[in-house]
Amino acid sequence: IFESEKRVLQLQSPTYVFGDIHGNLEDLHFFSDNIWKLGIDLTAGNFLFLGDYVDRGLNCLECVAYLFSLKLLFPKKVHMLRGNHETRDVNSWIDHYKDRSFLYQCQNRFNEELGEIVWEEVNQVFDRLPLASVINHELFCIHGGIPRLAPGYENELDCINSVPTVAGIMPPYRHETALTKQIAADCIWSDPASEHQEAVFERLKEDPNYQDNSHQSHLDENGFGASPRGGGVVCFGNQAINSFLQRNNLSYIIRAHEAHAHGVAMSKAAK
């Protein structure tokens, strides 16, 4: 099912958008009790999940099984995007996540050998998840953030659609190029730039000789810079956002990837 979908899904409203699940089955119970309490088939609209289904929570297998089941039952209503935890390099990190690691939970449930087979089969599905969605030709939905515009492409949506329908990303398959890996990684990993980075960007436009001693990375002329996450991850500022929205004829970005104390937050001029 996922392999037949484009990397950028086109959806219409009403669409319910859900952030990170992270193995928290109680969140899915809450949604089913309050949002699709009559059942998804009797609830109008689409259901879009923005990735990070595993790790950190204690019910990763249950969450994945439930969401995959909904997708099989209602393939035109339920849609799942890919997050950075839907990659092998992240969801196998037992040393960091310990019993909240997806690989650990698979091995703990099924034994080490069978558990690794289950883990790999689920990751085979993750390899095929779309990366982004556009609702009503206006709202851009993604797990991490906007990708950098690659040479030879008119816009970023074309860049995303160029990513192979089967992509490992971290680690990549042999058929993935450095460029498509970069595009996909930007989609699942990037974050908005800090306010300090934005201020320095504006100051440097006025005075190219300005010296900033904060040790934070500077945004380039396109509004992108190195992220505090490291590992080649980028952050994107107002310049990048405005160019992206204008070039793709969009109005707003809806993303996940970062936790907020009140569950949701607006930033970058509420865009």
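## Aromatic pairs, a surface patch and Q105

At 32% relative accessibility, F110 falls in the partly exposed class, because that class covers values between 20% and 50%. Keep in mind that this is a predicted model. F110 sits in helix α5, which covers residues 102-110. On the surface, F110 joins L114 and I117 in a nonpolar patch, and the three together offer about 250 Å² of accessible area.

Helix α5 is also home to Q105. Is Q105 buried or exposed? Q105 is buried, since its relative accessible area is 8% and the buried class takes in anything under 20%. So who are its partners? Setting aside neighbours within four places in sequence, Q105 touches G57, L58, N59, C60 and L61, along with D99 and R100. For a distance to check in your viewer, take Q105 and I94: their C-alpha atoms are separated by 9.5 Å, and the two residues are 11 apart along the chain.

Now for the rings. The model has 13 aromatic pairs by the centre-distance rule, which asks for ring centres within 6.5 Å. One of them is F18 with F49, a stacked pair with 4.7 Å centre to centre and 15 degrees between the planes. This pair ties together distant parts of the chain: F18 belongs to strand β2 (residues 15-18) and F49 to strand β3 (residues 46-49), 31 residues apart. Both F18 and F49 are buried.

Another pair is F140 with F244. Why does this pair count as edge-to-face? The ring planes of F140 and F244 stand at 65 degrees, with the centres 4.8 Å apart, and planes over 60 degrees apart get that label. Here too the pair links distant parts of the chain, with F140 in strand β6 (residues 139-142), F244 in helix α10 (residues 238-247), and 104 residues apart. F140 is buried, at a relative accessible area of 0%, and F244 is buried as well, with its own value at 0%.

Here are the two pairs side by side:

| Pair | Centre to centre | Angle between planes | Geometry |
|---|---|---|---|
| F18 and F49 | 4.7 Å | 15 degrees | stacked |
| F140 and F244 | 4.8 Å | 65 degrees | edge-to-face |

Which residues make up the aromatic cluster that includes F18? F18 and F49 come together with Y16, F30, F31, W36 and F47 in one aromatic cluster.

Methods
Residues numbered from 1 in each chain as written. Predicted model: local features only at pLDDT ≥ 70, side-chain atom pairs only at ≥ 80, totals over all residues. Heavy atoms only, no water. Phe/Tyr/Trp six-rings, centres within 6.5 Å; stacked < 30°, edge-to-face > 60°. Helix = DSSP H or I, 4+ residues; strand = E, 2+ residues; numbered from the N terminus. Buried < 20%, exposed > 50% of the residue type's maximum accessible area, 1.4 Å probe, protein only. Patch = residues over 30% accessible without salt bridge, like charges linked within 9 Å, V, L, I, M, F, W, Y side chains within 5 Å. Areas by Shrake-Rupley, 256 points an atom, 1.4 Å probe, with all protein chains shown as cover. Salt bridge = Lys/Arg side-chain N within 4 Å of Asp/Glu carboxyl O. Contact = heavy atoms within 4.5 Å.
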